[in-house]
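Work through the exercises below with the sequence and the model open. Try each task before reading its solution.

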Amino acid sequence: MTLPARINGWVRVVPAWPIYILAVVNLLWEFWLALNGLRQYAVEPINVLERQYGEIALIMLIAGLFITPIRNWTGVNLVKYRRAIGLSAFLFVLAHFLVFAVLDVQSVSRVVTEVIKRPYVTVGFAAFVLLIPLAVTSNNRSIRKLGPVRWRKLHMLTYPIVVLSGLHYIWLVKGWPIEPFAYMAVILALLFVRIKWTGIRDYLAKRDASASS
Amino acid sequence: GLGAIAVAGGARAQDALVPNSFEDITTYNNFYEFGTGKTDPVQNASAMVVDPWTVTIDGMVDNPGEYALADLLDGLETEERIYRFRCVEAWSMVVPWNGVELADILDKVGVQDGAQYVAFETVVQPENMPGVRRNVIDFPYVEGLRLEEARHPLTMMATGIYGEPMPKQNGAPMRLVVPWKYGFKSIKSIVRITLTDTQPPTTWNNINAREYGFYSNVNPTVDHPRWSQATERLIGGGLFSSRQDTLMFNGYEEEVASLYEGMDLTANY
């Protein structure tokens, strides 16, 4: 049996629900470390926890974007785990926002000011808001209710969301640290491989044909 | 003399100051030569060579030259100063520095008439500095002050913290401390001091002039373009520590406001 086929065999038996457990345990574990000032949380737990949740959220969002190209290139089909990955990403985005609003900025009026006045907060907040309908419709009932075409269209919001998230990180930092630019490069690469070149070619050919007729 | 003013002035501003722990001060640092993360300096700085240490003093001075650190500091009065330290990133700490007044060093080397600025430069040791090898910003790190700022009695060259020799991650063996300015003005691990009559380039100003002015005085009424400077978080307070209001000139308004009389601080941020 080929390796992809063997992996697909494992995928059939390994359920997705442990991803939710891992996400929640990880989230609580980081919070507990921060609460007790352990490890990297020893000196400034608020800022470090905020960034930690944000970075995990970004990684989960990017992980979700890997499912399709992995299937296209290797035949390994991990689509069964995509909902759990996406919802876990949302959980960390929510936690990231709550640490920002409640522990860091500490007042509703200042949160509003930050969202309006600071472009990097604006794009991060936009990504959060756009994620809400996706999280709400990440269940079988919603797929049935919306129908697969509309549901898929709605969930294409993932693309702007992940770009906004990458931008949010780049916009926040000082100088040229590697991480935010590396994440953005991966995001752009994952979007690039989705471009339907044949579709564009056909479209252009059709347009040229109609222009010359 | 100047020292007496500094002690009196400093004491007022320091009234309620409780220093952060040695651990806080030495494990949460910005020192991009060692990486951009807050714990990169403590993890990577041990490789920096700080002995022997030579400081080049040049430009408009009577006694230019390459000074061994001990010679430069020889005979100068060392004191402890407990200062607020306010980072441009809107966090702060309180640090008990040990060191000398910069003015004493300037007197020792003899500042010539016509000099108006003091420029500083940080050491570059690529083999010992991962951030330098990765070019996270342009190195060497450079900073500068107007001569009156440099001569102000609150301005010091620190060589220690809590009576210990300056830890490498905090800018060993000698760094600037200008308590009323954002922390990045207080350049670390200094190897060159230049007296000049023209405003010297400064690292963060070069990177983004709109975000980091030459003056970079702590000012709660002038926001950084990307975040508010009205409040700050004193580090070390745990997960539920409150923000506190940022003070004009970081609480040293009485001592230093006269340096900027008549200046528009919104334009000269």
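The exercises that follow concern a predicted model.

**Exercise 1. The make-up of chain A**

Task: State how many helices and strands chain A has, and give its pattern along the sequence.

Solution.
Step 1. Count the elements: chain A has 11 helices and zero strands.
Step 2. Read them in order along the sequence, which gives α-α-α-α-α-α-α-α-α-α-α.
Step 3. Add the extent of the chain: the C-alpha trace of chain A spans about 65 × 50 × 40 Å along its principal axes.

**Exercise 2. Annotated spans of chain A**

Task: Find which residues of chain A the UniProt annotations cover, and describe some of these spans in the model.

Solution.
Step 1. Take the domain from the record. The unreviewed UniProt entry carries the annotation "domain: Ferric oxidoreductase" for residues 54–164 of chain A.
Step 2. Look at that span in the model. Residues 54–164 of chain A are 86% helix and 0% strand, with the end C-alpha atoms 13 Å apart.
Step 3. Take the second annotation. According to the unreviewed UniProt entry, "transmembrane region" applies to residues 12–32, 52–72, 84–103, 115–136, 157–174 and 180–197 of chain A.
Step 4. Examine two of these spans. Residues 12–32 of chain A are 86% helix and 0% strand, and their end C-alpha atoms lie 34 Å apart. For residues 115–136 of chain A the helix share is 95% and the strand share 0%, with 23 Å between the end C-alpha atoms.

**Exercise 3. The surroundings of A:Phe97**

Task: Locate A:Phe97 and list the residues it is in contact with, leaving aside its neighbours within four places in sequence.

Solution.
Step 1. Place the residue: A:Phe97 belongs to helix 4 of chain A.
Step 2. Leave out neighbours within four places in sequence; A:Phe97 is then in contact with A:Val111, A:Phe125 and A:Phe128.
Step 3. Take one of these partners, A:Phe125. Between A:Phe97 and A:Phe125 there are 8.1 Å from C-alpha to C-alpha, while the two are 28 residues apart in sequence.

**Exercise 4. The interface of chain B and chain A**

Task: Describe the contact between chain B and chain A by its residues, its buried area and its polar links.

Solution.
Step 1. Count the residues: 30 come from chain B and 26 from chain A.
Step 2. Give the area. About 2400 Å² is buried between the chains, and carbon and sulfur atoms give 56% of this. Of the area that chain B buries against chain A, B:Arg226, B:Arg233 and B:Leu239 supply 32%, more than any other three residues.
Step 3. Count the polar links. Six salt bridges cross the interface of chain B and chain A, and 13 residue pairs are in polar contact across it.
Step 4. Find the elements involved on chain B. Helix 2 (22–27) and strand 11 (231–234) of chain B each supply at least two residues of the side that touches chain A. Helix 2 of chain B gives the most, with three residues.
Step 5. Sort the residues on this side of chain B by type: 12 are nonpolar, 10 polar and eight charged.

**Exercise 5. The salt bridges of A:Asp104**

Task: Identify which residues of chain B form a salt bridge with A:Asp104 in the pairs considered here, and explain why the pair with B:Arg243 joins two chains.

Solution.
Step 1. Start with B:Arg233. A:Asp104 forms a salt bridge with B:Arg233, and their closest N and O atoms are 3.1 Å apart.
Step 2. Go on to B:Arg243. This residue also forms a salt bridge with A:Asp104, with 2.6 Å between the closest N and O atoms.
Step 3. Locate both ends of the second pair. B:Arg243 lies in the loop between strand 11 and strand 12 of chain B, and A:Asp104 lies in helix 4 (residues 82–105) of chain A, so the pair joins two chains.

**Exercise 6. An aromatic pair in chain B**

Task: Decide whether the rings of B:Tyr83 and B:Tyr252 are stacked or edge-to-face.

Solution.
Step 1. Note the total: there are 23 aromatic pairs over all chains.
Step 2. Apply the angle. The ring centres of B:Tyr83 and B:Tyr252 are 5.8 Å apart and the planes stand at 80°, so the pair is edge-to-face.
Step 3. Place the partners. B:Tyr83 is in strand 3 (residues 79–86) of chain B, and B:Tyr252 is in the loop between strand 12 (244–245) and helix 9 (253–256) of chain B. The pair links distant parts of the chain, 169 residues apart.

Note on methods. Residues are numbered from 1 along each chain as its sequence is written. Chains are lettered from A and ligands numbered from 1 in the order in which they are written. This is a predicted model: local features need pLDDT of at least 70, side-chain atom pairs count only at pLDDT 80 or more; totals for chains, interfaces and linings use all residues. Side-chain values use heavy atoms; hydrogens and water are left out. Contact means heavy atoms within 4.5 Å. Buried area is the accessible area (1.4 Å probe) that two parts lose on being put together, summed over both. A salt bridge is a side-chain nitrogen of Lys or Arg within 4 Å of a carboxyl oxygen of Asp or Glu. A polar contact is a pair of N or O atoms within 3.5 Å; within protein, one must be able to donate a hydrogen and the other to accept it, and residues adjacent in sequence count only if both atoms are side-chain atoms. Helices (H or I, at least four residues) and strands (E, at least two) are DSSP runs, numbered from the N terminus. Ala, Val, Leu, Ile, Met, Phe, Trp, Tyr, Cys and Pro count as nonpolar, Asp, Glu, Lys and Arg as charged, and the others, Gly among them, as polar. UniProt positions are given in the numbering used here, feature names are shortened, and annotations may be inferred rather than shown by experiment. Rings of Phe, Tyr and Trp (its six-membered ring) pair if their centres lie within 6.5 Å; planes under 30 degrees apart count as stacked, over 60 as edge-to-face and the rest as tilted.
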